[in-house]
Amino acid sequence: MDAVSGLLTTQVIPWGVAVVAVVVLVVVLIKNRKPSGAIDDAAIDDAVLEAVYLMSKAPLELREGLDQAVADKVTTRLLQLLKCIAVGITDGEGTLLSWDGEANDHYVDLVDTIGTAIRKHRREVVSHDKMPCNHRGTCRMRTAVIVPLIVEGKTDAVLIVVGRTRGKRIVHMADAVARFVGTQLEAARLEETKHQLHQAEIKALRAQISPHFVYNALNTISSLIRTDPEEARELLQDFADFTRYCFRTEGTFTTLSDELRNIDRYLTIESARYGGRLNVRLKIAPEVQSVVVPFLLIQPLVENAVKHGIANKPGGGTVTVTAQDYGTEAEISVEDDGVGMDPELLDGMRDSRSSAHIGLTGINRRMSQVFGNKYSLMVETAPGAGMKVTMRVPKFVRGVRPDMLKFAADVPAQPARRNGSTARSALPTSTPKAG
């Protein structure tokens, strides 16, 4: 997580520096175009506002990476910002993605220079005087600045700025804009890396779903086929829906409603297996069901409560899952009255990656990545006193949204078949456990 946080920080700082550099250069460009006595402060203010507005659009466009459609939008905005002859963008191989403005016939003349910029990882400046031109008397091009956009040591794209002057001003402006666009490409690459990390973590969570659970679930269902075929049919449907949800191929987020519905399926199957030794209480406030959480965030906590809290307690016990409104947040807790554990051993459990239990480190890391470092698990436990794990998640987070709403619509809600209620009920005042 520290590595990811560091990467995020390094992206924010260059973004601000690049925007400021571009805005300052626009102001300088306007001042240099007018005699000092004719400088219009209102015009400068308008130029600053226009520059900030135009550059503020680029991060949204570049967030998903660079393709032809995005390149078309970026070149249009940069042409408006720089007020130059033309702006072009190629891919990392030098193939043109977009060109906005005049002098597009000169792209062919720039191909070799673009290849040099990509190969040598350096900016190239080409004078119009050194290029063939059939419209030399009317062509307004004077300079072409070619800047490779380098991300992680590799040229991701090439920015081409065609200016009407031969001075250094257009070169400096092209450099500043290239730094800005390059920073956004780095941010897009980081987003893709984060997405891949989330997918890898989800795959790891799926792999940790106990094979014993699958075996025991099918064994329980098979034992009921003759004695209670209707119950066996319902459990088989629950098992199918549970596995379908856990092994879905898309989405890193889900709604709390869908996550709890899947937990309900899991607990239904485990209740059938343990019989009277496992009791379940679900207390869910309706107003938090639409809150978005990372996929499979709560499932490991419930599985731990059953496997390590109740299964090892003679006579069994109760697992309580609560989700309640907490102002701008939702508070979710998973509690069992099982065997508990020594709090001194908790740190070892947090860092565990063994199959004996699902470590809490991964859940903490996912919480911090999505919601920030202040959101982490709170664990209360003591030998013989069970365990309670509590988390709070914000109701609204920018960029966090459910990825797969269709699944919930496809699967009809199953009626409750156990003790407890899925409707909101009065929540008892909790007493912290010893230790």
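Start with the whole chain in view: among contacts between residues at least 6 apart in sequence, 70% join residues at least 24 apart. This is a predicted model. Colour by secondary structure to find 12 helices and 12 strands. Of the 435 residues, 48% count as buried.

**Stop 1: the five-stranded sheet**

Select β1 to β5. They form an open sheet, and the strand order is β2-β1-β5-β4-β3. The pairing is antiparallel. Look at the two edges, where β2 (96-101) and β3 (124-127) stand. Each has a single partner strand, so one side of each has no neighbour in the sheet. Tilt the view to see the twist, which averages 15° from one strand to the next.

Now zoom in on one pair. Strand β1 covers residues 86-91, and strand β5 covers residues 154-163. Six bridges join these two antiparallel strands. Pick T90 and then V158 in β5: they are bridge partners.

Add helix α3, residues 68-82. This helix packs on the sheet and touches β1, β2 and β5. The direction of α3 makes about 30° with that of β2.

While a strand is on screen, recall a rule of thumb. In a regular strand the side chains alternate between the two faces of the sheet.

**Stop 2: two residues with a positive phi**

Most residues other than glycine have a negative phi. Here are two exceptions to look at.

Select A103, in the loop between β2 and α4 (107-120). A103 is not a glycine, yet its phi is positive, about 60°. Is A103 buried or exposed? A103 is buried, with a relative accessible area of 12%.

Next, select L296, in the loop between β8 (292-294) and α9 (299-310). L296 is not a glycine either, and its phi is positive at about 55°. L296 is buried, with a relative accessible area of 3%.

**Stop 3: helix α8 and its neighbours**

Two packed helices are described by the angle between their axes and the distance between the axes. Keep both in mind for the next two pairs.

Show α7 (residues 229-246) with α8 (residues 256-274). Their axes come within 9 Å and cross at roughly 135°. The two helices are therefore oblique to each other. The crossing is left-handed. Display the side chains at the contact. From α7, pick L235, D238, F239, D241, F242, Y245 and C246. From α8, pick D258, E259, N262, R265, Y266, T268, I269 and A272. By class, this contact has eight nonpolar, two polar and five charged residues.

Keep α8 and bring in α6, residues 211-227. At what angle do the axes of α6 and α8 cross? They cross at roughly 65° and come within 9 Å. The crossing of α6 and α8 is left-handed. On the α6 side, select F213, N216, A217 and T220. They meet Y266, I269, E270, A272 and R273 in α8. The residues of this contact divide into five nonpolar, two polar and two charged.

A helix fact helps when you look along such a contact. An α-helix has 3.6 residues a turn, so residues three or four places apart point the same way.

**Stop 4: helix α11**

Select α11, residues 361-371. Eight of its 11 residues are buried, so α11 is largely enclosed by the rest of the structure. Which residues of α11 are buried? They are I363, N364, R366, M367, S368, Q369, V370 and F371. Step just past the helix to G372, which takes a positive phi of about 110°.

**Stop 5: strand β12 and its partners**

Select β12, residues 387-394. How many of its eight residues are buried? Seven are, and the strand is mostly covered.

Add β10, residues 329-336. Eight bridges join β10 to β12, and the two run antiparallel. Find D336: it stands opposite M387 in β12.

Now add β11, residues 378-381. β11 pairs with β12 in the antiparallel sense over four bridges. T381 has M387 in β12 as its bridge partner. So your selection shows M387 with D336 and with T381.

Finish at the turn. β11 and β12 form a hairpin with five residues between them. Pick G384 in that turn: its phi is positive, about 80°.

How values were computed. Residues numbered from 1 in each chain as written. Heavy atoms only, no water. Buried < 20%, exposed > 50% of the residue type's maximum accessible area, 1.4 Å probe, protein only. Pairing = 2+ DSSP bridges. Axes fitted to C-alpha atoms, helices over the stretch in contact; angles between N-to-C directions. Parallel < 35°, antiparallel > 145°, perpendicular 65-115°, else oblique. Left-handed = near helix turned anticlockwise from the far one by under 90°. Contact = heavy atoms within 4.5 Å. Nonpolar A, V, L, I, M, F, W, Y, C, P; charged D, E, K, R; others polar.
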